[in-house]
Amino acid sequence: MNILIYGATETGYMVASQLCQKHNITVIDDSDRLPDKFNNLDISFVAGSGADVLVLEAANVASAELFIACSPVDESNIVACWTAKKIKDVETICFVHRMELYRNLGAGTQNRYQTRYDIDTIIWPEQLLTQDIFRIVSVPDAIDVEYFVRGKAKMFEYRIKENSIIRGLRIMDCSFPDNVLIVGITRKHNLFIPNGSTTIETDDKVVFMGTGPALDLLAASFFRNVNQIRTAAVIGGGSVGYMLAQQLEEAEIRVKLIEHDRKRCVFLADNLKGSLILHGDGTDLELLEGESIGECDVTVCVTNNDEKNLLCSLLVKQLGCQRIITRVGNLRNSMLFERVGIDVVVSPRDSAMRELLNRLQAKDVNILALVEGGQGEVLRLNLPESFATVLVRDFVLPARAIIGLIKRGRNVIFPHGDTPLEAGDQLIVFTMAGDAEAIKKAFTR
Amino acid sequence: MKTATIGNALGLILVALGLIMLAPVAVALLAREFSAIPPFVVAAAVSAGVGTLLRWRGGFSSDFDNLRRGEGMLIVCLAWVVTGAIGAIPYLFFGLHPIDAYFESISGFTTTGATILKDFGPYPKAFFFWRSLSQWLGGMGIIVLFVAVLPQFAVAGRQMFFAEAPGPTEEKVTPRITQTAKALWTIYSLLTLLEVGLLCLAGMPLFDAVCNSLSTLAAGGFSPHPQSIMGYQSSTITWIVTLFMFLAGGNFALQYRVLFQRNYRAILYNEELRLYAFIVVTVALLLCLTLMRTGAVHLTEGLRDGFFQVASIITTTGFSSTDFALWAVPAQTILFTAMLVGGCAGSAGGGVKVVRVLFGLKYLKREIAQVVHPKAVLPIKIDRVTVPEEVQRQILGFLLFYIFLMTLSALVVTIIESDAAIGLVGTAATLGNIGPGYGSIGPMASFADLHPLTKLIFIGNMVVGRLELIPFIAMLHPDFWTFRRA
């Protein structure tokens, strides 16, 4: 596939590096030459503005199938997408960074008005990040949460702590509730798919998949059960902090929001209904102590500065907060963050990438979620009509993978060895990223 | 400040007022009271004459487009003081002392409803009609009326409109101020007509129905009957008047939105209205309970008088369905708290206004929260919108100034009259444009026997209270008084 990317930004780099091995990528950017790190990618480059029709023609937009606009200027992205669409009916994906533009272009409002904008997908990384954080916050103690099949199936990730009762047990010896599967374990930053004889160790991050009620049962019996999240502290009142506070308010969680800019504080106080807006620095220990941030059920650090987020998180952890979710801008930092003991590290780029990959995949394959920074993938596969019915246990896979659930018509089935696979089934499969292609082939041949 | 502009505007208003003062003449003709015609003709002539004189001095210019803020305020204040004086002229013909006549007239225009009349017998119908009409004119605001009617004020109207009704928020139901003024007067007139109709159906004579309706919608309180609404001895009439008093104390702009712009959600989300309704209902029930405990009244009677009296006091109308000066002290005290609240902003009622009380309560709540969270940013929101800093300051200033003025007036009057009840309650009743107080100035009594100095202080209270202090605060500054001719 020919893909055009407008904007040699961090996001642009991430997209290009993910896609350049299988697709032909052309990057357009206003600067004369690409930043150095693009040099190790096998891509071509056109200098000029993506909003310039001549530049787009030079980049051969007519032969492209996908146009991704991710320059730092929102308006340029929008105009670039429109222009590309005028030349050829190419699929467009537009990145924006401001709420009002997202509202304009978002699917909710688009259909209400006379003419539609010529943009197929709009991605606002911070909005996606907010969704992710909210999902994680809403499940006590989990460090990652994903919903599938409209919430009928869920994926929770837990960290095994010192006092966990399943620590040191083999998986086959744990009596998990029905409809719950362990699909992956991350040990020392390496994800692998376990089998029955794998032993669960301290500090493992274990990925469970199952139905909502079953997972709740699991949480109640195996993990420290914070009944309900009631209070949350949000440090940083940017777009993410603001939207998160809005969502938390709707979920009837009391929010304390710390923001250092006075003007922004006033804006937040004007626009949020019940949150307590505190004017101060998130690293001000006195403020954190005075407002008893340590006693909050969860603390979310979402300033736009990695160093500050790290410091805030550590301070809050020292004050006794049990759950800390921290935003990281630079993915390379995330490993360090986890090493110093921060439970959940989230990144807007990660969230955006997942959404983007979702759109990119062929129609019969979707990546529903990425686990452990892309090491593992949750795939959605549709079995073709020609698929011959076979039992799960008899089906030979070329690599390790776990069929998390089967959606047959309206039913959701959690499979075991005797469950048959039938043509037309939709499978949700957990596998390692490297094996994904082989697994897809095995199911769709 | 340009004296010419001010004179011109004032002249214009007086000429128009002269025309309006011919209305009682028509009533006199209909009632065949020919002796009552001359006083009003003379007053109308004086008004038009003085007005024309002022216009002539100002060069008959109709250009008010460059009206300044200060000029607007002065015009509004002068308009009230002078219309009060003109309105007093007819009373002089009926043998009232000049101070009494001015008191009665100002009490009318400011919709206070405090009267110096002791005996209602010897006066003609035109006399009572004029009392009620003056209240009706003052209820929506004389300036608002002239802004609506006189095209010369199309541009300058905004300054004067908000100088006369300096509510905490600038409220316009339409983009243009003349249309807003017209809209307000439309709804005001419609409600008045509706009440006249209902009162007639309930068996009140037409003349009384008209006069009482004019007074009700203005939240005034002058009734042609010496015993006020109690004199009609009808529960139906009492309830009808209660309802319209309640409407008169509500925001007319809001009522316009609901009736003409069909914005029903506006009612649900209006915090001021909710607090207003809440106060009326709770205080009425409290009153009813107190009355049933202390006096031998039945539930229906207690409810009727409770609701009527609370509506009458909180909207600053000052009608009475019973002589509340005879009530027990607990009931009187409950009623007195309602006196300190007043109607909604943008209503015909006077007083502190519910929205300011609402703000005051929220301000206190914020101060408490601020002690616990010193670094918190806590906005004060009314109707889900943050009250801007300067408006907050203005409201606080208003409340302080109101308390200051009330204390001062109460002390001085108490010294003059040697009666603390008259001092405190009389001040509250006149500054809040309510009307009757307790004791010797109660609803069935009159202000006639007070010392002339007290009457003058009360006249001052009434005007200052009606204009919501702000134009007067401006006048206290020496820089306000810089004049130039052209």
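Which residue is the bridge partner of Phe156(A) in β11(A)? I looked it up, and the partner is Phe208(A).

**Ground rules.** I am working with a predicted model, where local features need pLDDT of at least 70, side-chain atom pairs count only at pLDDT 80 or more, and totals for chains, interfaces and linings use all residues. Residues are numbered from 1 along each chain as its sequence is written, while chains are lettered from A and ligands numbered from 1 in the order in which they are written.

**Entry 1, around β11(A).** I took helices and strands as DSSP runs, H or I of at least four residues for a helix and E of at least two for a strand, numbered from the N terminus. Two strands pair, in my notes, if DSSP finds at least two bridges between them. By that rule β8(A) and β11(A) pair antiparallel, over seven bridges. On its other listed pairing, β11(A) is joined by six bridges to strand β9 (residues 180–187) of chain A, again antiparallel. There I found Ile185(A) standing opposite Val206(A).

Next I checked burial (buried means 20 or more other C-beta atoms within 10 Å of the residue's own, exposed means 12 or fewer, partly exposed is in between, and C-beta atoms are placed from the backbone). Seven of the seven residues of β11(A), residues 205–211, are buried, so this strand is largely enclosed by the rest of the structure.

**Entry 2, Arg159(A).** I then picked out Arg159(A), which lies in strand β8 (residues 153–159) of chain A. Arg159(A) counts as partly exposed because it has 19 C-beta neighbours inside 10 Å. For contacts I used C-beta atoms, placed from the backbone, that lie within 7 Å. Leaving aside neighbours within four places in sequence, Arg159(A) is in contact with Ile143(A), Asp203(A), Lys205(A) and Asp343(A). I also looked at Asp141(A): it is 18 residues from Arg159(A) along the chain, and their C-alpha atoms are separated by 8.6 Å.

**Entry 3, a sheet across two chains.** Which strands make up the open sheet that includes β1(B)? I read seven, in the order β17(A)-β16(A)-β15(A)-β12(A)-β13(A)-β14(A)-β1(B), with mixed pairing. Its edge strands are β17 (344–346) of chain A and β1 of chain B, each pairing on one side only.

I followed β14(A) here. Strand β14 (residues 276–279) of chain A is joined by two bridges to strand β1 (residues 376–377) of chain B, and the two run antiparallel. Across that link, Ile277(A) stands opposite Val377(B), and Leu278(A) stands opposite Ala376(B). β14(A) also pairs with strand β13 (residues 254–259) of chain A, in the parallel sense over four bridges. Ile258(A) stands opposite Leu278(A) in that pairing.

Both faces of β14(A) are covered, with Leu276(A) and Leu278(A) buried on one side and Ile277(A) and His279(A) buried on the other. I noted too that β13(A), helix α9 (residues 262–271) of chain A and β14(A) make a right-handed β-α-β unit (right-handed: with the strands pointing away from the viewer, the path from the first strand over the helix to the second runs clockwise).

**Entry 4, where the chains meet.** Seven residues of chain B are in contact with eleven residues of chain A. On the chain B side I got four nonpolar, two polar and one charged.

**Entry 5, chain B overall.** Chain B has 21 helices and three strands. Its C-alpha atoms fill a box of roughly 65 × 60 × 50 Å along the principal axes. Buried residues are 53% of its 486 residues. I also looked at contacts in chain B between residues at least 6 apart in sequence: 71% of them join residues at least 24 apart.

**Entry 6, helix α16(B).** Which residues of helix α16 (residues 329–339) of chain B are buried? I found Ala331(B), Gln332(B), Ile334(B), Leu335(B), Ala338(B) and Met339(B). Their cover includes α14 (271–294), α15 (299–314) and α19 (420–431) of chain B. On the other side of α16(B), Val329(B) and Thr333(B) are exposed.

Methods. Ala, Val, Leu, Ile, Met, Phe, Trp, Tyr, Cys and Pro count as nonpolar, Asp, Glu, Lys and Arg as charged, and the others, Gly among them, as polar.
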